[in-house]
Amino acid sequence: MPKLTYKSVSQISGPLLFVENVPNAAYNEMVDIELENGEVRQGQVLDTRKGLAIVQIFGATTGIGTEGTKVRFRGEVARLPISEDMLGRVFNGIGEPIDGGPEIIAKEKMEITSNAINPYSREEPSEFIETGISAIDGMNTLVRGQKLPIFSGSGLPHNQLAAQIARQAKVLDSSENFAVVFGAMGITSEEANYFTNQFRETGALSRSVMFLNLSSDPSMERIILPRIALTTAEYLAFQKGMHILVILTDMTNYCEALREISAAREEVPGRRGYPGYMYTDLSTIYERAGKLKGNNGSITQIPILTMPGDDITHPVPDLTGYITEGQVVISRDLNRKDLYPGIDVLLSLSRLMNQGIGKGRTREDHRGLADQLYAAYASGKDLRSLTAIVGEEALSQNDRKYLHFADTFENRYLKQGFFEDRSIEDTLNLGWELLADLPVQDMKRVKPDHIQKYGRWKKE
């Protein structure tokens with residue numbers, strides 16, 4: 001298709017360029033924007049109606065005027081040159097290398113606006129992914145092909161948790177190819193240096209592909225970055241048979257960029273100013289995770305988002321929770337107690353946990369043990385609130401055991417070092433060790449034969 005050039009730019013609004021008298025612009029079509037001084041910038045058709053093409057610019061709009069600017073329509077959608085050579089490399093938000101290495105020489109280019117996986121083609125997730133973090137592996141297990149977001153807040157250690165998961169995540173069958181695709185949107189230079197150094201120093205970079213968009217970079221890159229990251233993941237998973245863990249941070253920054261573009265298009269705002277189609281837009285990202293029938297590869301997603309004002313009912317965590325299969329919540333209260341990673345297991349949930357645990361996957365006592373730990377910790381936290389009113393002296397001896405259990409559970413099970421990689425065996429054994437402080441007759445959620453086999457109670 002020939003490239004058509006237009007000089008009919010009528011308006012510039014934020015990151016958007018309005019080009020008139022364009023009869024056949026295609027949705028998502030790529031364009032080149034040539035300035036009066038000869039500089040060329042890239043963009044993409046966001047919308048087209050009645051001869052008006054709305055182009056989103058990948059970069060700043062400074063220096064662009066309505067006069068003398070040429071817009072060249074390429075007649076093709078955005079594509080990413082893709083290859084296994086991307087492993088071990090660092091790219092910016094539009095897929096350009098920023099690690100000083102050479103350009104990617106690829107045999108093929110893939111469209112970055114891929115469709116969500118067809119439900120009919122999906123295979124049910126069933127295999128356990130070990131993160132080495134007890135609060136996740138033991139209580140909110142991650143399953144291969146799952147979408148399990150991390151809900152955090154400003155100033156909480158979600159960046160450290162993301163780096164630790166990227167370093168430690170593994171499938172139990174070490175013979176299978178496993179890799180991480182890491183995408184960061186709207187992060188500071190300090191955070192970018194932190195992630196890059198962590199990945200390099202720990203050796204995780206050799207099996208990772210990193211995409212970084214800084215807060216000083218154009219907001220439009222935040223819209224395109226997760227799609228580029230997922231296109232890379234789809235290539236490695238479904239064409240090369242690898243098992244890919246995709247970590248995307250921070251989805252709140254992505255949604256803010258979406259709101260900025262919506263405002264520039266003068267759309268009718270939805271809840272809290274976010275566009276009414278944000279649910280659909282987020283689903284086009286999250287639903288690209290999963291397993292395909294007849295294909296060895298898989299994509300597992302961990303999106304990370306910061307809840308504005310720690311409000312879990314905010315549109316970003318609210319809509320994310322509807323689309324994904326659970327959530328891992330980082331607690332500010334636990335963080336104040338210096339309990340890293342500070343995951344609140346009572347607010348967290350993995351809806352696919354039962355499909356990835358049990359005999360042959362983790363261990364046959366896993367489900368019952370997790371339920372018993374939940375119940376005991378919840379009882380201990382309730383008694384903690386009661387103690388603030390009546391005092392510990394008013395509690396029975398049995399209640400004091402549960403009160404003590406809540407403290408021990410937080411300090412030994414939930415608290416974990418940044419470089420502490422616990423195996424699933426260690427996590428489960430630690431759970432039994434902690435339960436041994438409670439009366440054995442209260443163990444109603446674990447099977448008697450599991451108590452006999454794994455219990456740590458002293459024989460009387």
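**Notebook: helices H5 and H6, and the sheet**

I looked up how helix H5 (residues 251-264) sits against helix H6 (residues 278-286), and found that their axes come within 12 Å and cross at roughly 135 degrees. Axes here are lines fitted to C-alpha atoms, for helices over the stretch in contact, and angles run from 0 to 180 degrees between N-to-C directions. Helices (H or I, at least four residues) and strands (E, at least two) are DSSP runs, numbered from the N terminus.

I note that the model is predicted, that local features need pLDDT of at least 70 and side-chain atom pairs 80 or more, while totals for chains, interfaces and linings use all residues. Residues are numbered from 1 along each chain as its sequence is written, and side-chain values use heavy atoms, with hydrogens and water left out.

H5 and H6 are therefore oblique to each other (under 35 degrees counts as roughly parallel, over 145 as roughly antiparallel, 65 to 115 as roughly perpendicular and the rest as oblique).

I then listed the contact (heavy atoms within 4.5 Å): Met-251, Tyr-254, Cys-255 and Leu-258 of H5 meet Met-278, Asp-281, Leu-282, Ile-285 and Tyr-286 of H6.

Next I turned to the sheet, which is open and has seven strands in the order S1-S7-S4-S5-S6-S3-S2, with antiparallel pairing (two strands pair if DSSP finds at least two bridges between them). Its edge strands, S1 (4-6) and S2 (9-13), each pair on one side only. I found four bridges joining S2 to S3 (residues 16-19), and Ser-13 has Leu-16 in S3 as its bridge partner.

Finally, I saw that H5 lies across S2, S3, S5 (40-49) and S6 (52-58), at about 30 degrees to S3.
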